[in-house]
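Subject: A structure to look through

Hi there,

Here is the structure I promised to pass on to you. Please open it next to this email and follow along as you read.

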Amino acid sequence: MGLLEAASAHIFPHHAPPSNVIVTQTNRAKIKVRFVYRWRLGPNPIRHRWDERLWGGDLLRLQMSELMKPHLPEHIELSFCPFYPRFWGFERWLRKQPRAIYVLLYKVGYEFSPEQVQRLREKAIAVGVDHKDGDLSKVDLSLFDFHISASDSGRKALDQLIAERVPDAARRPFTDVLYQCPDTRLNGLTPRELNRLSTVYLGLRSNSSIPPEIAGEMDVIEILQGSDMAAAIEKLPKYNFHYAVRPGDGSALLRRYKPFTKGVTAAACGSNILVNKDADDAVDFLTVDYPYLIENNRTPTIVEAFRRAGEDQGGPEWNRGLEIMRSVKERVSGHALAAQLTRIVEKAAN
């Protein structure tokens with residue numbers, strides 16, 4: 001049984017998986033690493049498949065472990081643990097926890113009180129928060145031993161905020177980055193050979209900035225729940241261009257920092273992407289020379305780049321873009337993510 005199927009047993013006991021997912025074995029003293037996620041419960045959870053209750057960033061973090069598994073050092077034991085605030089209280093949950101490095105996904109980390117964080121720290125090796133795309137204004141950063149961002153942009157913001165809020169450098173939590181992986185259901189996806197531009201926007205419509213001049217020339221696949229993504233994956237091979245221009249300038253420090261999920265999704269699909277420089281991590285992943293990275297999200301800029309992509313399709317600039325997208329795919333590969341997590345674990349354990 002794979003990890004993703006195993007997660008369902010926390011809601012559906014008759015599927016009962018082991019409580020921990022052990023990655024490897026060795027004679028060296030093991031370091032347990034436990035990611036704690038918030039299971040989204042509705043009034044009738046049995047009516048919903050588990051992957052409809054856990055999706056988006058949490059699901060991708062769960063999938064990430066499968067990618068890392070073959071590449072982690074043998075002394076790291078990785079597990080994912082749900083926290084059900086409706087089913088049991090913190091004290092009951094805490095009694096069941098082993099001594100480990102705890103990584104609280106932001107829905108959990110932001111809900112724990114300072115007293116609860118301290119209680120967990122007394123039992124743990126270290127306790128940190130994986131902020132993913134959480135709102136940094138909603139958490140006391142000084143409570144934890146470390147902080148993880150899914151983006152370089154978020155990590156830089158964490159460094160600045162912690163320096164401002166924790167004057168004593170010796171007491172500051174450390175920060176690091178653990179990139180977002182693409183949905184592993186995209187593995188093995190083979191895009192169709194096309195001699196024309198075929199464009200898709202994949203995500204919440206409200207998060208996009210699509211000018212009316214080109215709106216009729218792309219498909220919008222809106223993702224509102226887990227089953228929407230499963231259906232979308234079957235359609236993605238027919239597109240060779242992804243759209244990811246976002247509204248807003250992202251200038252506020254206290255905000256949500258988005259991982260470059262649309263970029264790594266396009267890379268997994270073997271596609272180019274149109275995105276603005278203000279999108280978090282776009283420049284870091286694509287470099288300033290990427291042909292379809294635009295300066296701003298103004299309509300003339302977007303339309304010009306979109307038309308140019310259509311003219312470039314199959315030519316040298318198009319192929320240069322695809323080469324950069326292959327480097328994006330490599331940066332979120334299993335061995336690259338495992339190296340990031342190993343670095344975080346070693347720092348947290350010392």
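Below is what I found in it, beginning with the sheets and ending with a single residue.

One thing to keep in mind as you look: this is a predicted model.

**The first sheet**

Six strands make an open sheet, and they pair in parallel. Their order across the sheet is S2-S1-S3-S4-S5-S6. Strand S2 (76-83) and strand S6 (174-177) are at the edges, and each has a single partner strand, so one side of each has no neighbour in the sheet. On average, neighbouring strands here are turned by 25° against each other, ignoring direction.

For a closer look, try strand S4 (residues 126-130) and strand S5 (residues 146-149), which run parallel and are joined by 3 bridges. You can find valine 129 there, with histidine 147 in S5 as its bridge partner.

Two helices are worth finding next. Helix H7 (residues 152-165) lies across S5 and S6, and runs at about 170° to S6. Helix H14 lies across strand S1 (31-38), S2, strand S3 (101-105), S4, S5 and S6, also running at about 170° to S6.

**The second sheet**

Another open sheet has 5 strands in the order S8-S7-S9-S10-S11, again with parallel pairing. Its edges are strand S8 (218-221) and strand S11 (293-294); each of them has a single partner strand, so one side of each is left without a neighbour in the sheet. Further in, strand S7 (residues 199-202) pairs with strand S9 (residues 241-243) in the parallel sense, over 2 bridges. Threonine 199 is the residue that stands opposite phenylalanine 241 in S9.

Helix H10 (residues 261-268) packs on this sheet, where it touches S7, S9 and strand S10 (272-276), and its direction makes about 165° with that of S10. Helix H13 (residues 316-331) packs on the sheet too, touching S9 and S10, but its direction makes about 85° with that of S10.

**A closer look at H13**

How does the length of H13 compare with what its 16 residues should span? At 1.5 Å a residue they should span 22 Å, and the end C-alpha atoms are 23 Å apart, which agrees.

The buried residues of H13 are Trp318, Gly321, Leu322, Ile324, Met325 and Val328. Viewed down the helix axis, the buried residues fall within an arc of 165°, so they line one face of H13. Their cover includes S9, H10, S10, helix H11 (282-286) and helix H12 (299-312).

**The nonpolar cores**

The largest nonpolar core contains 64 residues, and Phe35, Leu274, Val275 and Leu286 have the most contacts inside it. Helix H14 (residues 334-349) contributes the most to this core, with 6 residues. Apart from it there is another core, of 29 residues, including Cys81, Leu120, Leu141 and Leu158.

What does valine 275 touch, leaving aside its neighbours within four places in sequence? Its contacts are Ala244, Val245, Phe260, Ala282, Leu286, Tyr292, Leu293 and Ile294.

**One residue to finish**

Glutamate 346 sits in helix H14. Is glutamate 346 buried or partly exposed? Its relative accessibility is 24%, and buried means under 20%, so glutamate 346 counts as partly exposed. Beyond its neighbours within four places in sequence, glutamate 346 is in contact with Arg28 and His75. Isoleucine 31 is 315 residues away from glutamate 346 along the chain, yet their C-alpha atoms are separated by 9.1 Å.

Happy exploring!

Notes. Residues numbered from 1 in each chain as written. Predicted model: local features only at pLDDT ≥ 70, side-chain atom pairs only at ≥ 80, totals over all residues. Heavy atoms only, no water. Core = buried A, V, L, I, M, F, W, Y, C linked by side-chain atoms within 4.5 Å. Buried < 20%, exposed > 50% of the residue type's maximum accessible area, 1.4 Å probe, protein only. Helix = DSSP H or I, 4+ residues; strand = E, 2+ residues; numbered from the N terminus. Contact = heavy atoms within 4.5 Å. Pairing = 2+ DSSP bridges. Axes fitted to C-alpha atoms, helices over the stretch in contact; angles between N-to-C directions. Expected span 1.5 Å × (residues − 1). Arc of directions from axis to C-beta.
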